[in-house]
Amino acid sequence: MAATDAELTALVIATRNDAAFGELIRRHQSLVRGMLQRMCRNHALADDLAQDTFIRAFEKIGSFKGTGTFKSWLCSIAYTEFLKSARKRKSADRVLEKFQADVEESEAPRDMGNVVDLDRALATLKEEERAAVVMCYSCGMSHSEAAESLNMPLGTVKSHVNRGRAKLQAFFAEAEVTV
Amino acid sequence: MTMEDAFDQRLKAAFANAQAPLEQPAQADAFTEKVLKRLANPDRKRVLLLGGAGSTGSAVAGTQLEGLFSNMQMPTDGLLSNVAFLVSPEAMAAMALAMAAGMVALVLPRRIV
């Protein structure tokens, strides 16, 4: 039987075991990379941030108390890495956002199954709304897990998810009218 | 089932669809290998910082050694007490540098946790 996340984490804390941490990476890499790709809209940057996330997690794994899930602890580190990176490239982001806004105006949305369209739809959300929606719908977290990862009150996360969801619904409804 | 539930399901399916390529075993293994390699090798900036600090420190220590040992008065007899006279100051400086370099080499592969 495969070891649980809690068992692997305990092994890494006790022995700094690379193989055990490798298994944790293998299990959660798609979640972290997927989450960061949806938030950054830049796959190369998202992968760099995902690597930084796992390295940071390894360095501070002793601080994981096991009160929440390993997944939500990891996502909170990923979100912190994303915020740090976003702060660093704020001016570059403004240019990127303007470029993306131009693309949105010139192209009609197609369908929801398309990854590019999903990213374009997410680009219409505010940063906090996007983070909350991604955590709940992409990472499969409950509202309270997302609140813990985002370090926000539960009510605020619920509001962000509801507003974000409504905006996405409007975006894709427009797509269906257009098609 | 309400319209909202249907939209939630579509949204979850869209996210799962976007994430699907990342779940391929080859993708997972390649990414895991990259992270483990980075964990095994400390970053270049850290190597440069520690290496620079170690080299500067050992260079400063090396310049002080000759003055320290050349005026030494040894009150005892015996082979060990004469080591300072048998070994030239340059050789001692070289040994001190080698020790400093060795200590830096020991510290470099370790990560600060």
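Within chain B of this predicted model, confidence varies from helix to helix: α4(B), residues 83–86, has the lowest mean pLDDT of the chain's elements, 66, while α2(B) has the highest, 89. Taken over the whole chain, the mean pLDDT of chain B is 76, with 70% of its residues at 70 or more. Where pLDDT is low, the predicted coordinates should not be read in detail. For the complex, the predictor reports an ipTM of 0.77 and a pTM of 0.68.

Let's stay with chain B for a moment. Its secondary structure amounts to five helices and zero strands, so the order of elements from the N terminus reads α-α-α-α-α. Of its 113 residues, 6% count as buried. Among the contacts in chain B with a separation of 6 or more, 74% join residues 24 or more positions apart.

Now look at where the two chains meet. Here 21 residues of chain B are in contact with 22 residues of chain A. On the chain B side, α1 (3–19) and α2 (25–40) each supply at least two of the touching residues. The largest share, nine residues, comes from α1(B). Sorted by class, this side of chain B has twelve nonpolar, three polar and six charged residues.

Turning to the interior, what does the largest nonpolar core look like, and which of its residues touch the most other members? The core has 50 residues, and those touching the most other members are A:Met35, A:Leu36, A:Ala78 and A:Met135. Helix α2 of chain A, residues 18–40, gives the largest share of this core, with nine residues. Both domain 1 (1–88) and domain 2 (91–179) of chain A contribute at least three residues each. In soluble globular proteins, nonpolar side chains tend to be buried together.

A:Met135 is a good place to zoom in. Leaving aside residues up to four places away in sequence, A:Met135 touches A:Met35, A:Cys75, A:Met141, A:Ala146, A:Ser149 and A:Leu150. A:Met135 is also one of the buried residues of helix α7(A). That helix is mostly covered, with ten of its twelve residues buried; the buried set includes charged side chains such as A:Glu129 and A:Arg130. Does its length fit a helix, and what span should you expect? At 1.5 Å a residue, the twelve residues of α7(A), 127–138, should span 16 Å, and the end C-alpha atoms are 15 Å apart, which agrees. After α7(A) comes A:Gly140, with a positive phi near 70 degrees.

Helix α8(A), residues 143–150, is mostly covered too, as six of its eight residues are buried. These are A:Glu145, A:Ala146, A:Ala147, A:Glu148, A:Ser149 and A:Leu150. Of these, A:Ala146, A:Ser149 and A:Leu150 are among the residues that A:Met135 touches.

Finally, a word on backbone angles. Most residues other than glycine have a negative phi, and most peptide bonds are trans. A:Asn151, which follows α8(A), has a positive phi of about 55 degrees although it is not a glycine. A:Asn151 sits in the loop between α8 and α9 (154–178) of chain A. Is A:Asn151 buried or exposed? With 9 other C-beta atoms within 10 Å, A:Asn151 is exposed, because 12 or fewer counts as exposed.

A:Arg16 is also not a glycine, and its phi is positive at about 55 degrees. A:Arg16 is found in the loop between α1 (5–15) and α2 of chain A. With 15 other C-beta atoms within 10 Å, A:Arg16 is partly exposed.

Notes: Residues numbered from 1 in each chain as written. Chains lettered and ligands numbered in written order. Predicted model: local features only at pLDDT ≥ 70, side-chain atom pairs only at ≥ 80, totals over all residues. Contact = placed C-beta atoms within 7 Å. Helix = DSSP H or I, 4+ residues; strand = E, 2+ residues; numbered from the N terminus. Buried ≥ 20, exposed ≤ 12 C-beta atoms within 10 Å, placed from the backbone. Core = buried A, V, L, I, M, F, W, Y, C linked by C-beta atoms within 7 Å. Domains from an automatic or database assignment. pLDDT = per-residue confidence, 0-100. Expected span 1.5 Å × (residues − 1).
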